[in-house]
Amino acid sequence: MLLNNHSYFSLKYGIKSPKDLVQVLDEYQHEQVVLTDINNTSGVFSFVQEAKRKKKKPIIGVDFRNGGEQCYVGIAKNHYGFHELNKHLSKHLHEEEPFESLAPRFIHAYIIYPISNIPDRALKDYEYIGVKPHEVNNLILPKWDELRDKMVVLATATFTKKSDFNLHRLLRAMDLNTLLDKLNPDDHGDETDLFYSGNALQAIYRSFPHIIENTQMILDNCTFDFEFNKNRNPVTYTGTEEGDHQLMLRLCREGIQYRYKELTPKIEERIRKELDTIQKMGFTSYFLINWDIIAYARSRGFYYVGRGSGANSIIAYLLRITDVDPVELDLYFERFINLFRKSPPDFDIDFSWTDRDEIYNYIFKKFPNVSLLANYQTFQSKSSIRQLGKVFGLPPSEIEKVQYVETMEEYKELDKVQKIIFQYSLLLHDMPSHLGIHASGVLISEQPMHQYSATYMPPKGYPTVQFDMVVAEDIGLHKFDILSQRGLGKIKDALEVIRKNNPSDEIIDIHDVKSFVDDDKVKRLLREGEAIGCFYVESPAMRMLLKKLRDDTYLGLVAASSIIRPGVSKSGMMREYILRRREPERRKQAHPVLSNIMPDTYGIMVYQEDVIKVAHYFAGLTLGEADVLRRGMAGKYRSREEFQGVKDTFFKNCKEKGHDEKLTKEVWHQTESFAGYAFAKGHSASYAIESYQCLYLKAYYPLEYMVSVINNFGGFYRTEFYIHEARMLGAAIHAPCVFKSGRMTIIEEKDIYLGLHMISDLGIDVVSIILEQRVLSPFIDFYDFLDRTNISLEQTRSLILVGAFRRLTENRKELLWQSHFYFHNTTKDVYQTNRLFEPERNVVEVPEIDDDELEKSLDQIQYLGFPLCSPYSLIEEHYLTHYPLVGRELNEYVGMNIKMLGYMVSIKRTNTSGNERMNFGTFIDMEGKVFDTVHFPQVARKFPFRGRGVYLVEGKVTEEYNFVSLEVNRLEKIPYRSAAEKQTIKKAS
């Protein structure tokens, strides 16, 4: 009988989750359950699943509203009606237009108008008038007589108790960005929008039995049958299954010629096995669509990397979706695909951050039924407290006090309003606040997308469904992951810079990774951890791991890529892996079964598929059960009950196999602790390949590569550090120059000119004007530049102080004097590009003014963010003489306490197992070399970092397997000279 029920996907309006909504309707003994969220369909499929679990008949609709005003409620008779409702809703969401008071024509849906919006025309056969419980008494008036046969129950059900209504009002105030006491009654629902049982509704409408009959008729005529876990991606790529199969065979034959010099029986068997399984599972079109996307990317010269579990596939390797050879790496086929797995393999395709939008555009034009995938942005504790605090009108300081409550004692110190805010923040936790866009998910379906969801149009400009990846997988829409990363931009740009700077060199085949793997220069960079700028292997943690492992092999890097992940390292397995790598005798400690399953990693679980292997071979689970276990440990279980059942089977089977209980628990613990973080081996291999490509470019074209790193805005470190690395590799670094620099950084032989975009406050428009004018004709002098660019005094000052006019004069203060005179005496409306006559100028005599190097460096810090000189030249000289120790000498002081100077590069903040904050630091010594530090919690609290600059670092030198670091016990920031002089003057006065 309840036709208008809201879940919390009536965003910032409803209170109940779809699951809880079904539970409430069940408690009120409704057998036919309806969901009609406001302008939203996010909760439909989870509502339907829960209804079916409860043996209820699910019915779906939409509550169409303009703000708080209800226009009408649409109820789908069937899935065709749902399609109609979605199309109607989507049109208005895309165009951001209000709904008209009258609904358009529907064929497979009922429309119910509230009494406040009765059409001034005859009602169509599918249109009705909804009567709310408090409106029943009004029906005795004669004016309603002719409409009685078209009336139905329209009891809006949103709340079950007073606190629900209170929370609803808070949500409405957040949505309207207003104070709670400023809400108007029309801005929120009515306190009487409660759930009723069927008997209660019968009693309320007993004088008007036809209303009950009409309502029941609608419920009886509506149904929403939906088959979950059915593949709804395009069935074919070419139009026929046979056409797809033949295309796949042709592409594989072409791929064999490209990838392999010799077709061995092992390769041939792997291809046959995969093709057979892919065809049986119905995933051929999925592979071909991925191939289509990357084929377009290659045709446009875009660089990409294919990764994910699909990288375990030789077919993906032959189709050039990935560059990972699964035969060479002995990748586990069943992690990629098996007959027990219903979903297709996971392909994550990375493109350069500059290319992804064009790939999106291509996909939306190429395929007929495409949308982006949504995600749910949920209320989290601090953000919900902040929003609640604003609704109550609290100042930021009082809101912050609530945000940091962790103990009962702290809670007791709050005032009454603060306690209310804290309590309601708990109720809001994990409720959806608004829809966002999945970072990479694109959906391509066989049928129109509106059969499954309404779509909205976010700023990105592409239709986006209203459900997330979990729902998409449940209904059989398997996403295509199209990602972007700056690392690929580095590779693409580096190849272009290399061609320009070295035109006579042979063109690099960046996909010839097998030659990079065996290259001696690349091996040395890898072995020594000299990988600054090279994708993820540049991070301090990876540099540490690579130095400790001393492993310069492809398989070694693949393993390191996964073992560095948080779950593996925190479980203790990373350390054990290092020990077994460096101490062969220790490998004998591995259990024989585990050692046989994972010989390459010394019996230690490193990859996601190791979970499947251990579950299958060690615990005797089927491949299907093993995959449920893997997904469950990664937090992707479909139900906790299913996961618990597999866990019970794991322990039962181990007992039957005779495994010691302590060993079984230890294996389970290891599996559980890292499964959610570890990579699939193919995924790790994809990362390793990108790292090898970066390492090769750095090994042979270090300066060109570092320019591309700088122009793609770095990686783990700040841009300053990559400029420093280029200098250490032999480059001459030049400040931005209006006569030479481009928008981005450029290189000529070994001279690197920093880009004009690096100058703060200059702005992209000004940079564009400078470059446009320079193309038209070179700047003659300072005044010619000012006349033609029309920039402001502040922007001119920025250029002068970074030295951008040094071709004219090295004395910046002289130019500052001239610029002030120019702007004081010149009126400029527009800049001139074609002047017949030079303007007359008054000659200005500029007095001689000193301009020292220290001031230049401090101005560079202000306008570039860093100095172009050594930062050690900016501190008092006595520090350099008192603390001369440098990083290469630390080996001589292992176990000893030392003091040395370091220029701070980066800080990695993390928490201990006891949830205490500690830091890892990266510094540059006086010779420009890197050294690493560890700051345990007590030291991190007592001696915090205080921004960029030079520090006096005191601590104990430690060493493990050739990796030296400093355990800090004291940290002091050293002031730059000008600051030190000011402090001295202040003290003296």
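Is Phe-650 buried or exposed? Phe-650 is buried, because its relative accessible area is 1% and the cut-off for buried is under 20%. Keep in mind that this is a predicted model.

Now look at the neighbour in sequence. Phe-651 has 27% relative accessibility, so Phe-651 counts as partly exposed. The two rings form a pair. Their centres lie 5.7 Å apart and their planes meet at 70°, so the pair is edge-to-face. Any aromatic pair is described in this way, by the distance of the centres and the angle of the planes.

A second example is Phe-716 with Tyr-717. This pair is also edge-to-face, with 4.9 Å from centre to centre and 70° between the planes. Phe-716 is partly exposed, at a relative accessible area of 37%. Tyr-717 is buried, at 5%. In the whole structure, a search finds 52 aromatic pairs.

Next, go inside. Phe-650 is one of the residues that Leu-629 touches. Others include Val-611, Ala-615, Leu-621 and Phe-643, along with Val-646 and Trp-668. That list leaves out residues up to four places away in sequence. Leu-629 is among the residues with the most contacts inside the largest nonpolar core, together with Tyr-554 and Leu-799. This core has 143 residues. Which helix gives the most to this core? Helix α31, residues 681-700, does, with ten residues. Another core lies apart from this one. The other core has 75 residues, among them Cys-71, Phe-99, Phe-106 and Phe-195.

Move on to helix α35, residues 782-789. Eight of its eight residues are buried, so α35 is largely enclosed by the rest of the structure. The buried residues include Phe-782, Tyr-783, Phe-785 and Leu-786. Charged names appear too: Asp-784, Asp-787 and Arg-788 are buried in α35. What do the buried residues of α35 pack against? They pack against α34 (764-776), α36 (793-801) and α37 (812-825).

Check both ends of this helix. At the start of α35, a side-chain oxygen of Asp-781 comes to within 3.1 Å of the backbone nitrogen of Tyr-783. After α35 comes Asn-790, with a positive phi near 60°.

Aromatic rings gather here as well. Phe-782, Tyr-783 and Phe-785 belong to one aromatic cluster. The cluster also holds Phe-739, Phe-779, Phe-805, Tyr-822 and Phe-823.

Now turn to the strands. Strands of a sheet pair through backbone hydrogen bonds, either parallel or antiparallel. One open sheet has three strands, in the order β16-β18-β17, and its pairing is mixed. Its edge strands are β16 (732-734) and β17 (746-748), and each pairs on one side only. From one strand to the next, the twist averages 25°. β16 pairs with β18 (residues 751-753) in the parallel sense, over three bridges. Find Ala-732, and its bridge partner in β18 is Asp-751.

The last stop is a closed barrel. Five strands form this barrel, running β19-β20-β21-β23-β22, with mixed pairing. Neighbouring strands are turned by 50° against each other on average, direction ignored. How do β20 and β21 run, parallel or antiparallel? They run antiparallel, and six bridges join β20 (residues 917-924) to β21 (residues 930-935). To see one match across these strands, find Asn-919, which stands opposite His-935 in β21.

Conventions
Residues are numbered from 1 along each chain as its sequence is written. This is a predicted model: local features need pLDDT of at least 70, side-chain atom pairs count only at pLDDT 80 or more; totals for chains, interfaces and linings use all residues. Side-chain values use heavy atoms; hydrogens and water are left out. A nonpolar core is a set of buried Ala, Val, Leu, Ile, Met, Phe, Trp, Tyr and Cys residues joined through side-chain atoms within 4.5 Å. Buried means under 20% relative accessible area, exposed over 50%, partly exposed in between (1.4 Å probe, protein chains only). Helices (H or I, at least four residues) and strands (E, at least two) are DSSP runs, numbered from the N terminus. Contact means heavy atoms within 4.5 Å. A polar contact is a pair of N or O atoms within 3.5 Å; within protein, one must be able to donate a hydrogen and the other to accept it, and residues adjacent in sequence count only if both atoms are side-chain atoms. Two strands pair if DSSP finds at least two bridges between them. Axes are lines fitted to C-alpha atoms, for helices over the stretch in contact, and angles run from 0 to 180 degrees between N-to-C directions. Rings of Phe, Tyr and Trp (its six-membered ring) pair if their centres lie within 6.5 Å; planes under 30 degrees apart count as stacked, over 60 as edge-to-face and the rest as tilted.
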